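Biologist: Before we discuss what the labels on this model stand for, could you put the structure up for us?

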Amino acid sequence: QLVCRFQCGAQAEGVLFAIGDNMNGLAAFVIEGQLHLVFNAGHTVKRLLTTPLSAGRHVLELDHRASGQRRGTGQWTLDGQSVGELDMSPTFLRVAGEGIDVGLDRKRKVSALYEGRGLFAFNGQIDHVLITLGTQAPGSLANRPETLAQLD
């Protein structure tokens, strides 16, 4: 689960968080009064949800469900209301080389929608971004008994 608590004005823009990069990444950002949620996996998988964003305090949440075989879905909510569900397959298994940025996106941009805007720093206030690890999908290699893992 991911929870981002933030507040913004009427002219809000910028990156709330960016995990990974343009090849393998997840980001939430604001452009022209719209909150954008992006998931990328490789060259061809680019998925996007967009919803209007008003001025004020907000809570953005992602509830990710791993279903096995590198498949998963992400249910997004804003202030307790559903924004939609994203197919997050192949499931984002690791933080890619760029790691996690909060309030900006330093290097290779997760989304081309804010490419060319520098760091694209968020002009509101981010209270926190909290990521809580969930259970592994059935059959995940992470669930192998230690004795089998040591055979590698």
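**Labels and the values behind them**

Modeller: The protein chain holds one helix and ten strands, where helices (H or I, at least four residues) and strands (E, at least two) are DSSP runs numbered from the N terminus. From the N terminus on, the elements run β-β-β-β-β-β-β-β-β-β-α. This is a predicted model, in which local features need pLDDT of at least 70 and side-chain atom pairs count only at pLDDT 80 or more, while totals for chains, interfaces and linings use all residues. Residues are numbered from 1 along each chain as its sequence is written, and side-chain values use heavy atoms, with hydrogens and water left out.

Biologist: Why is aspartate 101 called buried?

Modeller: Buried means under 20% relative accessible area, exposed means over 50%, and partly exposed lies in between (1.4 Å probe, protein chains only). Aspartate 101 has a relative accessible area of 6%, and therefore it counts as buried. Buried residues make up 43% of the 152 residues in the protein chain.

Biologist: What makes valine 102 partly exposed?

Modeller: Valine 102 has 43% relative accessibility, so it is classed as partly exposed. Valine 102 lies in strand 9 (residues 100-102), and aspartate 101 is placed in strand 9 as well. As background, in a regular strand the side chains alternate between the two faces of the sheet.

Biologist: Which side chain makes a polar contact with the side chain of aspartate 101?

Modeller: The partner is the side chain of arginine 106, at 2.6 Å. A polar contact is a pair of N or O atoms within 3.5 Å; within protein, one must be able to donate a hydrogen and the other to accept it, and residues adjacent in sequence count only if both atoms are side-chain atoms. Aspartate 101 also touches Leu16, Phe17 and Ala18, when residues up to four places away in sequence are not counted, contact here meaning heavy atoms within 4.5 Å.

Biologist: What makes Ile100, Val102, Ile131 and Leu133 a nonpolar patch?

Modeller: Patches are made of residues with over 30% relative accessible area and no salt bridge (a side-chain nitrogen of Lys or Arg within 4 Å of a carboxyl oxygen of Asp or Glu), with like charges joined within 9 Å and nonpolar side chains (Val, Leu, Ile, Met, Phe, Trp, Tyr) within 5 Å. Ile100, Val102, Ile131 and Leu133 form such a patch on the surface, with about 400 Å² of accessible area together, the areas coming from the Shrake-Rupley method with a 1.4 Å probe and, for residues, only the protein chains shown counting as cover. Leucine 133, found in the loop between strand 10 (125-131) and helix 1 (146-149), is exposed because its relative accessibility is 78%.

Biologist: How do you know that strand 7 and strand 8 pair?

Modeller: Two strands pair if DSSP finds at least two bridges between them. Strand 7 (residues 71-78) and strand 8 (residues 81-87) are joined by six bridges and run antiparallel, with leucine 78 having glutamine 81 as its bridge partner. In their hairpin, which has two residues between the strands, aspartate 79 takes a positive phi near 55 degrees.

Biologist: Why is phenylalanine 120 called buried, while glutamate 32 is called exposed?

Modeller: Phenylalanine 120 counts as buried because its relative accessibility is 5%, whereas glutamate 32 counts as exposed because its value is 73%. Phenylalanine 120 is in the loop between strand 9 and strand 10, and glutamate 32 is in the loop between strand 3 (24-31) and strand 4 (34-41).
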